[in-house]
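The following exercises are to be worked through with the sequence and the coordinates at hand. Each task is followed by a solution in steps.

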Amino acid sequence: MKAITVPEPGGPEALVWAEVPDPELGSGEVLIDVRATAVNRADVLQRQGNYAPPKGASPYPGLECSGVISAIAPDVTGWRVGQEVCALLTGGGYAQRVAVPAGQLLPVPATVDLVDAAGLPEVACTVWSNLVQVARLGMGETLLVHGGGSGIGSFAIQVGAALGANVIVTARTSKHEQLRKLGATHVIDYTDQDFVEETRAATGGRGADVILDIMGASYLTRNVQALTNHGRIVVIGLQGGRKGELNLNTLMAKQGTVHGTVLRSRPVAEKTAIVRGVREEIWPLLESGAIHPVVDRRLPITEAAQAHRIVEDSNHLGKVLLTLE
């Protein structure tokens with residue numbers, strides 16, 4: 001088969017479409033003939049040499065995919081050859097075939113195209129596990145989402161709104177109108193507006209109950225300032241650095257919490273539990289049309305380098321997908 005490989009870390013040109021060995025089907029796994037995958041920030045970091053795959057994972061990028069089941073291990077039940085699915089992966093989505101634990105499979109929602117479904121597993125599992133499992137976002141609370149135009153951001157807006165939250169987002173002005181259509185009630189241009197002041201103004205001085213943060217160190221101090229009493233910050237990305245200074249006095253006075261989470265390196269059992277929760281609570285919202293995948297564009301997988309450039313420039317809105325014939 002063929003896959004996108006990274007012989008040496010570097011820029012987008014480091015991605016090479018090449019012949020590689022077929023994946024081996026292990027116990028509890030299914031084999032998927034991939035129809036599409038999606039570009040995530042983790043793929044960019046991996047290509048740069050800044051994010052090595054977990055031990056035992058496929059060396060190829062790609063944390064999610066959609067496709068058709070072509071083989072099933074003898075100990076797997078509940079799935080069939082020929083079934084259209086999407087899957088949360090530890091790696092290997094940038095390939096013609098991928099083996100994945102059966103617990104990380106999801107059926108393609110009836111309202112979603114097979115190709116577009118490739119952009120669902122990573123964002124759905126990330127958003128649900130952090131907003132519902134960790135932060136326990138409640139109806140009537142205020143959610144502040146940083147990077148509202150990203151794949152995760154655009155999905156988090158919809159999920160937050162569906163849960164009855166007041167959703168505030170940071171994003172470039174060019175994306176504001178579309179983010180409001182997704183359910184954002186207040187949009188902040190982070191390039192020339194102070195999101196702390198804007199969040200307080202939008203909440204009558206109260207602040208945000210939950211903050212979903214992709215920036216890390218550079219936003220830590222201001223996130224605490226933007227938090228209301230008993231607020232929860234969930235850090236899921238480090239685009240603004242890994243080490244920051246935290247004013248514990250401010251955090252303690254607000255009785256706030258800061259959580260840091262990752263998804264890729266979690267054990268299969270944890271991912272299986274998250275996927276189960278997503279299927280039970282997020283998939284009905286997709287089936288009803290209450291939320292939908294946001295796709296910026298589709299590109300052939302042979303144009304993966306261009307797709308990485310688009311994601312790195314951050315001018316896209318939603319997911320950038322890579323398709324395979």
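Is Ser314 buried or exposed, judged by its relative accessibility? The model under study is a predicted one.

**Exercise 1. Ser314 and the helix before it**

Task: Settle the question above, then describe the backbone of Ser314 and the packing of α10.

Solution.
Step 1. The relative accessibility of Ser314 is 19%. The cut-off for buried is under 20%, so Ser314 counts as buried.
Step 2. Ser314 belongs to the loop that runs between α10 (304–313) and β15 (319–323); Ser314 follows α10.
Step 3. Most residues other than glycine have a negative phi. Ser314 has a positive phi, near 60 degrees, and is a residue other than glycine.
Step 4. Within α10, the buried residues are Ala304, Ala305, Ala307, His308, Ile310 and Val311. These buried residues of α10 pack against β1 (2–5), α1, β14 and β15.

**Exercise 2. A positive phi in a strand**

Task: Determine in which element His230 is found and state whether His230 is buried, partly exposed or exposed.

Solution.
Step 1. His230 is found in strand β12, residues 227–235.
Step 2. The phi of His230 is positive, about 65 degrees, although His230 is not a glycine.
Step 3. The relative accessibility of His230 is 48%, so this residue counts as partly exposed.

**Exercise 3. The surroundings of Ile291**

Task: Locate Ile291 and list the residues that Ile291 touches, leaving out those up to four places away in sequence.

Solution.
Step 1. Ile291 lies in the loop between α9 (283–288) and β14 (295–300).
Step 2. With a relative accessible area of 1%, Ile291 is buried.
Step 3. When residues up to four places away in sequence are not counted, Ile291 touches Phe155, Gln158, Val159, Ala162, Ile282, Leu285 and Leu286.
Step 4. As a further distance, the C-alpha atoms of Ile291 and Glu141 are separated by 19 Å, and the two residues are 150 residues apart along the chain.

**Exercise 4. The cavity**

Task: State how many cavities of 30 Å³ or more the structure holds, and analyse the lining of the largest cavity.

Solution.
Step 1. There is 1 cavity of 30 Å³ or more. The space in the largest cavity is about 30 Å³.
Step 2. The residues lining the largest cavity are Gly119, Leu120, Val123, Gly151, Ser154, Phe155, Pro293, Val294 and Lys319.
Step 3. Helix α3 (residues 151–162) contributes the largest share of this lining, 3 residues.
Step 4. Sorted by class, the lining of the largest cavity has 5 nonpolar, 3 polar and 1 charged residues.

**Exercise 5. Two pockets**

Task: Describe the volume of the largest pocket and of the second largest pocket, with the lining of each.

Solution.
Step 1. The largest pocket holds about 1300 Å³ of space. It is lined by 49 residues, of which Arg41, Ile236, Gly237, Leu238 and Gln239 are the closest to its centre.
Step 2. At least two lining residues of the largest pocket come from each of α1 (41–48), α2 (121–134), α3, α10 and β15. By class, this lining has 20 nonpolar, 20 polar and 9 charged residues.
Step 3. The second largest pocket holds about 500 Å³ of space. Its lining has 30 residues, with Gly56, Ala57, Ser58, Gly91 and Ala99 nearest its centre.
Step 4. β6 (97–101) and α8 (268–281) each supply at least two residues of the lining of the second largest pocket; β6 gives the most, with 5 residues.
Step 5. The lining of the second largest pocket divides into 15 nonpolar, 7 polar and 8 charged residues.

**Exercise 6. Aromatic rings**

Task: Classify the pair formed by the rings of Phe195 and Tyr219, and identify the residue whose charged end sits over the ring of Tyr51.

Solution.
Step 1. The structure holds 1 aromatic pair. The ring centres of Phe195 and Tyr219 are 5.0 Å apart and the planes stand at 45 degrees, so the pair is tilted.
Step 2. The pair links distant parts of the chain, with Phe195 in helix α5 (residues 195–202) and Tyr219 in helix α6 (residues 217–226), 24 residues apart.
Step 3. Phe195 is buried at a relative accessible area of 1%, and Tyr219 is buried at 10%.
Step 4. The charged end of Arg264 sits over the ring of Tyr51, at 5.0 Å from the ring centre.

How values were computed. Residues are numbered from 1 along each chain as its sequence is written. This is a predicted model: local features need pLDDT of at least 70, side-chain atom pairs count only at pLDDT 80 or more; totals for chains, interfaces and linings use all residues. Side-chain values use heavy atoms; hydrogens and water are left out. On a 1 Å grid over the protein atoms alone, a cavity is a set of points where a 1.4 Å probe fits but cannot get out, and a pocket is an open set with protein on both sides within 12 Å along at least five of seven lines; lining residues have an atom within 4 Å of a point. Grid points are joined across faces, edges and corners, and a volume is the space filled by probe spheres set on the points. Helices (H or I, at least four residues) and strands (E, at least two) are DSSP runs, numbered from the N terminus. Ala, Val, Leu, Ile, Met, Phe, Trp, Tyr, Cys and Pro count as nonpolar, Asp, Glu, Lys and Arg as charged, and the others, Gly among them, as polar. Buried means under 20% relative accessible area, exposed over 50%, partly exposed in between (1.4 Å probe, protein chains only). Contact means heavy atoms within 4.5 Å. Rings of Phe, Tyr and Trp (its six-membered ring) pair if their centres lie within 6.5 Å; planes under 30 degrees apart count as stacked, over 60 as edge-to-face and the rest as tilted. A charge sits over a ring if NZ of Lys or CZ of Arg is within 6 Å of the ring centre and within 35 degrees of the ring normal.
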